[in-house]
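Here's an informal walk through a two-chain model, written for someone who likes the cut-offs spelled out. Have the coordinates open while you read.

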Amino acid sequence: MELAERKNLATETMVINGKSASFSPGDTILEVARKSGIYIPTLCARADLPSTGSCRLCIVKVEGVRGYVTSCTTPATPDMVVTTNSDEIEKLRRGILELILSEHPSACLVCPIRETCEQFSAPSSKAGRVTGCNMCPNRNICELRQLVEYLGLKEIRYPFLYKDFPLERDDPFMDRDYNLCILCGRCIRICEENLGLSAISFIRRGHDTKVGTSFEKLHVDGSCVFCMHCVDVCPTGALSVRGSKWYGYPDSETPTTCILCEQGCELVIDTKWNKVMGAHPIRDMSVGKREYCVKGRCCLPALFNNPDRLRYPAIRRDDGKIIYTDWDNAIRHVADIVSHYSPKEIAVLSSRHLTDESIYALNEFARVYAESNIFYLADKEIIFPNIERSDEIFKDIKILYLAEANSLTNETIEKFGSLENIIIQDIYPSPLSSSNKVCAVLPATVFTEMNGTKSCAENRRKPITKAAEPPGNAIPDWEIATKIGNALDSPDFKTKDLRTIQNHIQMHPWTIAAVPMVPKDSLTYRGFPISDFVPDFKVFIERRLESKGEIHF
Amino acid sequence: MFELIEKSEIFNVHKMVIKAPEIASSIKPGQFVIIMGNEYSERIPITVSDWNTDTGTITLYVLELGISTLELARMKVGDSLYAVTGPLGVPSEIKNYGTVVLGGGCYGIGGIYPIAKACKEAGNKIISIIEARYSSMFYHEKELHAVSDQVLYATSDGSKGKKGKVEDVMGELLEAGVKIDQAFFMGCTQMLERCSEATRPYAIPTKVALNSIMLDGTGMCGACRVSVGGETKFACVDGPEFDGHKVDWKGLNQRKSAYTEQETIVYQSYSH
């Protein structure tokens, strides 16, 4: 359609609740109402999904039309006169909601003692089979509850008919209880229309109708990619992410970028108790319109909250014992050791998973103190960015500064003929941590625990925002490298804080551009297999390999 | 050891019949066991609802409310529990009170049965009042009927008996002039508190079986401590039954949610 024509049509008007409202052709009554700031209750309709008119709650009165129409599926027409609310409409909506709730465990919704019950018993109730709100993981964001309150429903006149479907929780990451499902079909639509996957559909007939996969296979054996968008759009507690279902309201929601691979998906981190509790896309799915991968969507909490995380700086004393210490002492110790070597005897192993600022700070350390001996490991391949080097240099190296110790295979270690000292800067202990050459172990943060930026595919530099507190005294990699660099006191080392690093990156963008990217199908974070810390990811990988022979994200 | 002989689910309440001959032959009404599904489980105190010395089995009704009970819920007949310790706690005081009301909700529907049975044998008139959200959530009914003079029901949706809770049914009895000489209540803390408040104006002696967090169950760790009449008591060795009119409910509720963070985070790295 030509712009002029479109503009022309856009001036059409109709009347909603006695007020004139303009609309574009193709707009439904619901869309016109929403644009005009008029609320119409819906359960099946969402602005980011095609409408089906299945829940019937959005009924409105159109002058001259017999009965009531569903506003989500009825297109607006010029001069249409619509009433979205009246006693009669409210009464009908209450009746519809009562019918929906007669098949949903809803006793708590209209229970007079719900508030005290939820205040005291709910926090410790993490039920398998949900029989009421105080046991339901969705109770804080339940759309059924919001509607019960909006319509002032006090009683459900119909007997409760429990569907008695078995709980579905044999899949990794995902719990399903279709006894809570109201058959709104949002999950099916987001999977089919927005993502083009169609992993699920309505199956069976009549009262037995439910959402399921073909042949009722497990999702992991079907075409589901575990992006969990179905969970995001579900108005009930029928679908949930098992690892992230019980924290209730998060203390904060922080938009950031997932840097598990080069894609750099925008992600919102839910935080509670200062820890990452869940990760999900921004609420309006029409913005993203593509599926998230299971790594960013489901693996972050377990990957980052594992109790084995390195917490406190540790150094090797003269008597050979490793002891915990504070940062000042640890940095002094490391600087003292490094100062005994000449630059050509030092090498730095950086990590592709670090933020731009951390990569820059390690680069600077290497440039000033290690003759730019900085390398990366990408699937066992040794990569020297920026500079023409080969692993020939390794035979002169006496001290290694590792930011990704777990990637270092024995085979690579053997190339270092005269190694005397190892500095480890990492998030988890690795087999190398127990080597008697290790002189310091420095705890670093993961990307949800720091601010910064990350250069992703297509040269897009994206913001990283701190969402959680690091464990113990862990600090960002750029800060550790900066502290050591400054302690060594070369006038050439000018890195100080995040701001100066970011300014330097602006001026020398090639230092970052030369760093290899993490491919989308990577199964590791900073050299650690994700499945070592996320048991359901292990299940996912194993089942996928078994049923499809390959894994893609 | 501790083989699972029978297993079924009634709306998140899991009936578990477990081979434990030594416990079956020594347990008394009102006592409990502490069970662990596997060696990494939390220790869960569970009231023993029934036992059979011939088969050497005990019957437990376990609510799934966290990871350790989830693991129990997913066990199958033939599996063995890692540990079943008991009998623990002080048995209920069984004597001829006259008319005894027993109120049960959730696991308490099964939990009040042995107390009802023993009180019946001691010559009491037994009125059992059980509550659930829906009529389909009741269980262990036949057994309870067999030892009760009267079984009354309360449901949230009114689908069986009175629409409401145990205390609503009991309130009707009291208003009708029924004299209650002793009351026992078993269920969630909210229910215990509400029922205790309902008997207070009538000065009916009221025993409530508390369900605080426990570790060893022998009075060593103090995790289950509760304030009763201003005195600190251990639910495991001084209880589980206490005077419902003297329990510090607020303190009990606070202690019960002390590990919410850990109980929530453990789901992140859990896999079936």
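## Hairpins in chain A

Let's start with a turn: β1(A) and β2(A) make a hairpin with 2 residues between them, and A:Asn17 in that turn has a positive phi of about 45 degrees. This is a predicted model, where local features need pLDDT of at least 70, side-chain atom pairs count only at pLDDT 80 or more, and totals for chains, interfaces and linings use all residues. Residues are numbered from 1 along each chain as its sequence is written, while chains are lettered from A and ligands numbered from 1 in the order in which they are written.

Helices (H or I, at least four residues) and strands (E, at least two) are DSSP runs, numbered from the N terminus. Two strands pair if DSSP finds at least two bridges between them.

Back at the hairpin, β1 (residues 12-16) and β2 (residues 19-23) of chain A run antiparallel, joined by 5 bridges. A:Ile16 sits opposite A:Lys19 in β2(A). β1(A) also pairs in the parallel sense with β5 (residues 81-83) of chain A, over 2 bridges. There, A:Ile16 has A:Val82 of β5(A) as its bridge partner.

Further along the chain, the hairpin of β21(A) and β22(A) has 5 residues between the strands, and A:Glu458 takes a positive phi near 60 degrees. In this hairpin A:Ser455 stands opposite A:Arg461 in β22(A).

Here are some of the strand pairs side by side.

| Strand pair | Sense | Bridges |
|---|---|---|
| β1(A) and β2(A) | antiparallel | 5 bridges |
| β1(A) and β5(A) | parallel | 2 bridges |
| β21(A) (residues 452-455) and β22(A) (residues 461-464) | antiparallel | 4 bridges |
| β1(B) and β2(B) | antiparallel | 6 bridges |

## Chain A as a whole

Chain A holds 16 helices and 24 strands, and its C-alpha trace spans about 90 × 55 × 45 Å along its principal axes. What share of its 553 residues counts as buried? The figure is 48%, where buried means that 20 or more other C-beta atoms lie within 10 Å of a residue's own, exposed means 12 or fewer, and partly exposed is in between, with C-beta atoms placed from the backbone.

Contacts come next: two residues are in contact if their C-beta atoms, placed from the backbone, lie within 7 Å. Among contacts in chain A with a separation of 6 or more, 65% involve residues 24 or more positions apart.

Domain bounds come from an automatic or database domain assignment. For chain A that assignment gives domain 1 (3-85) and domain 2 (314-522), and their centres, taken over C-alpha atoms, are separated by 58 Å.

## The sheet and domains of chain B

Chain B has an open sheet of 6 strands in the order β1-β2-β5-β4-β3-β6, with antiparallel pairing. Its edge strands, β1 (4-10) and β6 (83-88) of chain B, each pair on one side only. From one strand to the next the twist averages 30 degrees, with axes fitted as lines to C-alpha atoms (for helices over the stretch in contact) and angles running from 0 to 180 degrees between N-to-C directions.

Between β1(B) and β2(B), B:Lys7 stands opposite B:Met16. B:Glu9 is also in strand β1 of chain B. Why does B:Glu9 count as partly exposed? Because it has 16 C-beta neighbours inside 10 Å. B:Glu9 and B:Val62 are 53 residues apart in sequence, and their C-alpha atoms are 9.3 Å apart in space.

Chain B divides into domain 1 (4-88), domain 2 (92-209) and domain 3 (213-260). The centres of domain 2 and domain 3 of chain B, over C-alpha atoms, are 22 Å apart. Contacts between these two domains involve 11 residues of domain 2 of chain B and 11 residues of domain 3 of chain B. On the domain 2 side, α7 and β12 (206-209) of chain B are the elements that give two or more residues.

## Core and chain contact

The largest nonpolar core has 237 residues, and those with the most contacts inside it are A:Cys187, A:Phe226, A:Cys230, A:Leu402, B:Val33 and B:Ile58. Such a core is a set of buried Ala, Val, Leu, Ile, Met, Phe, Trp, Tyr and Cys residues joined through C-beta atoms within 7 Å. Leaving aside neighbours within four places in sequence, B:Val33 has contacts that include B:Ile23, B:Ile46, B:Ile58 and B:Leu88.

Finally, 30 residues of chain B are in contact with 35 residues of chain A. On the chain B side, α2 (67-73), α7 (189-199), α8 (249-256) and α9 (260-265) each supply at least two residues, and α9(B) gives the most, with 5 residues.
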